[in-house]
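Here are my notes on this model for your first read-through. Keep the sequence and the 3D view open side by side, and check each point as you go.

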Amino acid sequence: MTFAKIAQKLALWAGSPKTFLGAIVLLVLWALSGPFFQFNDTWQLIINTSTTIITFLMVFLIQNTQNRDTDILHLKVDELLRATKEAQNAMLGLESLDLKQLEALRKHYQGMGQGEAKNLEGLEEKHKVDLNQC
């Protein structure tokens, strides 16, 4: 099994309500065991070490799944751009632009959208839509 498949399955498991509930149960059990261990340094070290290791591993897991999700999203948007006749196919290669070029392009599109944003305000009044809730 590849790392991507393992990471995907672990991410699904880690994000499930059952796993969250399990973590809460473990924390409660740890807290309740405090008086038995007289709240000593070893008792505290157990939770500190456990959470540090889990957090360290979860960073890589989350980054892997985030990279995968981002790649999928890019591919879907690329396909929409490719299939839309009015779209600028130059947008399909944005990944190769540097930060300055991307910022210039962002400003260009923000400028194009300035007048359009005012049209949304009229839409909000006509249809009683709260765009902040979107």
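1. **Overall fold.** The chain has four helices and zero strands. From the N terminus on, the order of elements is α-α-α-α. Bear in mind that this is a predicted model.

2. **Burial and contacts.** How many of the residues count as buried? Of the 134 residues in the chain, the share is 9%. Now take the contacts between residues at least 6 apart in sequence: 30% of them join residues at least 24 apart.

3. **Helix α3, its length.** Find α3, which runs over residues 41-83. Its 43 residues, at 1.5 Å a residue, should span 63 Å. The C-alpha atoms at its two ends are 62 Å apart, so the expected span and the model agree.

4. **Helix α3, its buried side chains.** Which residues of α3 are buried? They are Trp43, Ile47, Leu61, Asn64, Thr65 and Leu81. The cover over these buried residues includes α1 and α2. Colour the six names in your viewer, then look for those two helices around them.

5. **The largest pocket.** Its volume is about 460 Å³. The lining has 15 residues, and those closest to the pocket centre are Ala23, Leu26, Ser50, Thr51 and Ile54. Three helices each supply at least two lining residues: α1 (3-14), α2 (17-32) and α3 (41-83). Which of the helices gives the most? That is α3, with seven residues.

6. **Chemistry of the pocket lining.** Sort the lining residues by class. Ten are nonpolar and five are polar. No charged residue appears in the lining of the largest pocket.

7. **The loop between α2 and α3.** Look at Gln38 here. Its phi is near 55°, a positive value in a residue that is not glycine. Is Gln38 buried or exposed? With a relative accessible area of 68%, Gln38 is exposed, because the cut-off for that class is over 50%. Phe39 lies in this loop as well. Phe39 also has a positive phi, near 50°, and is not a glycine. At 47% relative accessibility, Phe39 counts as partly exposed. Check both residues on a backbone torsion plot.

8. **Salt bridge in α3.** The structure holds two salt bridges. One of them pairs the side chains of Glu79 and Arg82, at 2.5 Å from N to O. Where do the partners sit along the chain? They are three residues apart in helix α3, so about one helical turn separates them. Glu79 is partly exposed, at 37% relative accessible area. Arg82, at 52%, counts as exposed.

9. **Salt bridge in α4.** Glu103 forms a salt bridge with Arg106. The closest N and O atoms of this pair are 3.3 Å apart. Both residues lie in helix α4, which covers residues 99-127. Their spacing is three residues, about one turn of the helix. Glu103 is partly exposed, with a relative accessible area of 32%. Arg106 is partly exposed too, at 43%.

10. **To take away.** Start from the four helices. Then follow α3: it carries the buried residues Trp43 and Leu81, among others, it gives the most to the lining of the largest pocket, and it holds the salt bridge partners Glu79 and Arg82. Finish with the positive phi values of Gln38 and Phe39.

Technical notes
Residues numbered from 1 in each chain as written. Predicted model: local features only at pLDDT ≥ 70, side-chain atom pairs only at ≥ 80, totals over all residues. Heavy atoms only, no water. 1 Å grid on protein atoms, 1.4 Å probe; cavity = no way out; pocket = protein on both sides within 12 Å on 5 of 7 lines; lining within 4 Å. Points joined across faces, edges and corners; volume = space filled by probe spheres on them. Nonpolar A, V, L, I, M, F, W, Y, C, P; charged D, E, K, R; others polar. Salt bridge = Lys/Arg side-chain N within 4 Å of Asp/Glu carboxyl O. Buried < 20%, exposed > 50% of the residue type's maximum accessible area, 1.4 Å probe, protein only. Expected span 1.5 Å × (residues − 1). Contact = heavy atoms within 4.5 Å.
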